[in-house]
Amino acid sequence: MSLWCGSLALRLRFLSVVLLLCSLPFSARSAASYALVVVPQFPAPEIQRDWQPLLDRLHATSGIQLKLRHVRSIPEFENEFSRGLPDFVFMNPYHAVMARQSQGYIPLVRASAPLTGILVARKDGPVGKMSDLDGKELAFPAPNAFGASLYMRALLQEKLGIRIVPRYVKTHSNVFRAVLAGDVPAGGAVNSTLAQESAAVRDRLRVLFETPAVASHPLAAHPRVPESVRRELTNAILGIARSADGAALLEPVQLASPVTADYTRDYLPLERLNLGAYFVRSE
């Protein structure tokens with residue numbers, strides 16, 4: 001009798017553990033972590049500083065653990081997602097097209113505000129009008145940085161008839177500093193990265209030209225990530241945005257006032273811009 005009772009107690013204990021595990025959301029039951037790679041618009045220490053608090057909050061609220069993995073340049077970033085190495089990527093709008101075509105990455109969320117490329121010059125510099133830039137060397141973060149370089153270079157030549165010599169300086173921060181140092185008369189960036197600079201940088205620059213607005217950078221998932229995890233992560237980010245402290249975590253990573261992203265609505269139109277002549281393949 002005592003043996004039977006002891007066996008029953010063990011069975012009940014086992015059943016209670018199983019029921020507890022089944023009551024948890026998928027992400028909380030999973031011990032897996034996912035790799036996140038962020039487009040290197042800024043130096044790695046700045047990306048780590050801005051993203052890690054958000055990733056900690058996401059882990060605490062959803063159980064989903066995203067681990068940042070840094071790359072040194074935008075060409076290296078392109079190589080990473082074209083091979084499908086990261087589980088999640090935060091990328092520029094044209095990278096969303098490339099990643100969809102190469103690996104089927106699925107955009108999840110983006111900032112509600114649109115993205116515009118900007119061409120900046122020093123307020124006290126020699127550039128008075130756009131035609132002053134014809135034939136000059138200009139700074140850009142990388143060949144395929146969408147608003148800052150790819151779309152910008154196409155518009156300068158196709159729309160304005162301005163021929164320039166590009167100098168690629170790896171990050172948006174480096175573009176601003178090259179312009180302020182007088183190394184180049186102007187440089188390309190995007191509105192959101194200029195907004196993140198200190199007042200000491202912003203107040204010394206002026207915007208010469210802006211591209212048409214497009215949907216902003218998405219956070220996208222490789223299709224191997226389970227649909228349940230993609231849904232939970234999307235809902236967690238949208239939920240975080242509803243509190244003041246959560247919104248403060250999203251602004252530095254360019255996900256302010258996030259909305260659900262949709263490839264067909266947001267990024268498919270970029271396929272029709274015919275930017276192939278200005279796109280530079282990564283080595």
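**Warm-up: the chain as a whole**

The protein chain in this structure has 12 helices and 11 strands, and the model is a predicted one. Keep it open beside you as you work through the exercises.

**Exercise 1. Find out what share of the 283 residues is buried, and what the exposed surface is made of.**

Solution.
- Step 1: Start with the inside. Buried residues account for 48% of the 283 residues in the protein chain.
- Step 2: Turn to the outside. The chain exposes about 13500 Å², and 55% of that comes from carbon and sulfur atoms.
- Step 3: Look at how the chain meets itself. Of the contacts between residues at least 6 apart in sequence, 78% join residues at least 24 apart.

**Exercise 2. Locate the largest nonpolar core and pick out the residues with the most contacts inside it.**

Solution.
- Step 1: Count the members. The largest nonpolar core holds 77 residues.
- Step 2: Mark the residues with the most contacts inside this core: Leu-36, Trp-51, Phe-88, Leu-119, Leu-133 and Leu-233.
- Step 3: Ask which element contributes the largest share. That is helix 6 (residues 146–158), with eight residues.
- Step 4: Look for another core. A second, separate one has 14 residues, including Phe-176, Ala-178, Ala-189 and Val-201.
- Step 5: Zoom in on Leu-233. Setting aside residues up to four places away in sequence, Leu-233 touches Leu-58, Ile-64, Leu-66, Phe-88, Leu-108 and Leu-219.

**Exercise 3. Check the length of helix 10 (residues 227–240) and decide whether the helix is largely enclosed or largely open.**

Solution.
- Step 1: Work out the expected span. At 1.5 Å a residue, the 14 residues of helix 10 should cover 20 Å.
- Step 2: Compare with the model. The end C-alpha atoms of helix 10 are 20 Å apart, which agrees.
- Step 3: List the buried residues of helix 10. They are Ser-228, Val-229, Arg-230, Glu-232, Leu-233, Thr-234, Ala-236, Ile-237, Leu-238 and Ile-240.
- Step 4: Draw the conclusion. Since 10 of its 14 residues are buried, helix 10 is largely enclosed by the rest of the structure.

**Exercise 4. Describe the surroundings of two strand residues, Leu-138 and Val-120.**

Solution.
- Step 1: Place Leu-138. This residue sits in strand 6 (residues 137–140).
- Step 2: Judge its burial. With a relative accessible area of 0%, under the 20% cut-off, Leu-138 is buried.
- Step 3: Collect its partners. Beyond neighbours within four places in sequence, Leu-138 is in contact with Leu-119, Leu-133, Leu-156, Ile-164, Val-165, Pro-166, Arg-167, Val-184, Pro-185 and Ala-186.
- Step 4: Add a distance. Leu-138 and Ala-178 are 40 residues apart along the chain, and their C-alpha atoms are separated by 9.3 Å.
- Step 5: Move to Val-120, in strand 5 (residues 117–122). Val-120 is buried too, with a relative accessible area of 0%.
- Step 6: Name the contacts of Val-120. Among them, leaving out residues up to four places away, are Phe-176, Val-179, Pro-185, Leu-194 and Leu-208.
- Step 7: Take one of these partners further. The C-alpha atoms of Val-120 and Pro-185 are separated by 8.6 Å, with their positions 65 residues apart along the chain.

**Exercise 5. Describe how helix 4 (residues 74–82) and helix 5 (residues 93–103) meet.**

Solution.
- Step 1: Get the geometry. The two axes come within 9 Å and cross at roughly 35°.
- Step 2: Find the residues. From helix 4 come Ile-74, Phe-77, Glu-78, Phe-81 and Ser-82; they meet His-95, Met-98, Ala-99, Ser-102 and Gln-103 of helix 5.
- Step 3: Sort them by class. The contact has five nonpolar, four polar and one charged residues.
- Step 4: Continue to Leu-85, in the loop between helix 4 and strand 3 (88–90). Leu-85 is partly exposed, at 35% relative accessible area.
- Step 5: Note its contacts. Outside its neighbours within four places, Leu-85 is in contact with Arg-69, Glu-80, Tyr-105 and Arg-224.

**Exercise 6. State where Lys-170 and Asn-274 lie, and give their phi values.**

Solution.
- Step 1: Lys-170 lies in the loop between strand 7 (165–168) and helix 7 (172–180). Its phi is positive, about 85°, although Lys-170 is not a glycine.
- Step 2: Asn-274 belongs to the segment after helix 12 (263–266). This non-glycine residue has a positive phi of about 55°.
- Step 3: Check exposure. Lys-170 is exposed at 53% relative accessible area, and Asn-274 is exposed at 64%.

Technical notes:
Residues are numbered from 1 along each chain as its sequence is written. This is a predicted model: local features need pLDDT of at least 70, side-chain atom pairs count only at pLDDT 80 or more; totals for chains, interfaces and linings use all residues. Side-chain values use heavy atoms; hydrogens and water are left out. A nonpolar core is a set of buried Ala, Val, Leu, Ile, Met, Phe, Trp, Tyr and Cys residues joined through side-chain atoms within 4.5 Å. Buried means under 20% relative accessible area, exposed over 50%, partly exposed in between (1.4 Å probe, protein chains only). Helices (H or I, at least four residues) and strands (E, at least two) are DSSP runs, numbered from the N terminus. Contact means heavy atoms within 4.5 Å. Accessible areas come from the Shrake-Rupley method with a 1.4 Å probe; for residues, only the protein chains shown count as cover. The expected span of a helix is 1.5 Å times one less than its number of residues. Axes are lines fitted to C-alpha atoms, for helices over the stretch in contact, and angles run from 0 to 180 degrees between N-to-C directions. Ala, Val, Leu, Ile, Met, Phe, Trp, Tyr, Cys and Pro count as nonpolar, Asp, Glu, Lys and Arg as charged, and the others, Gly among them, as polar.
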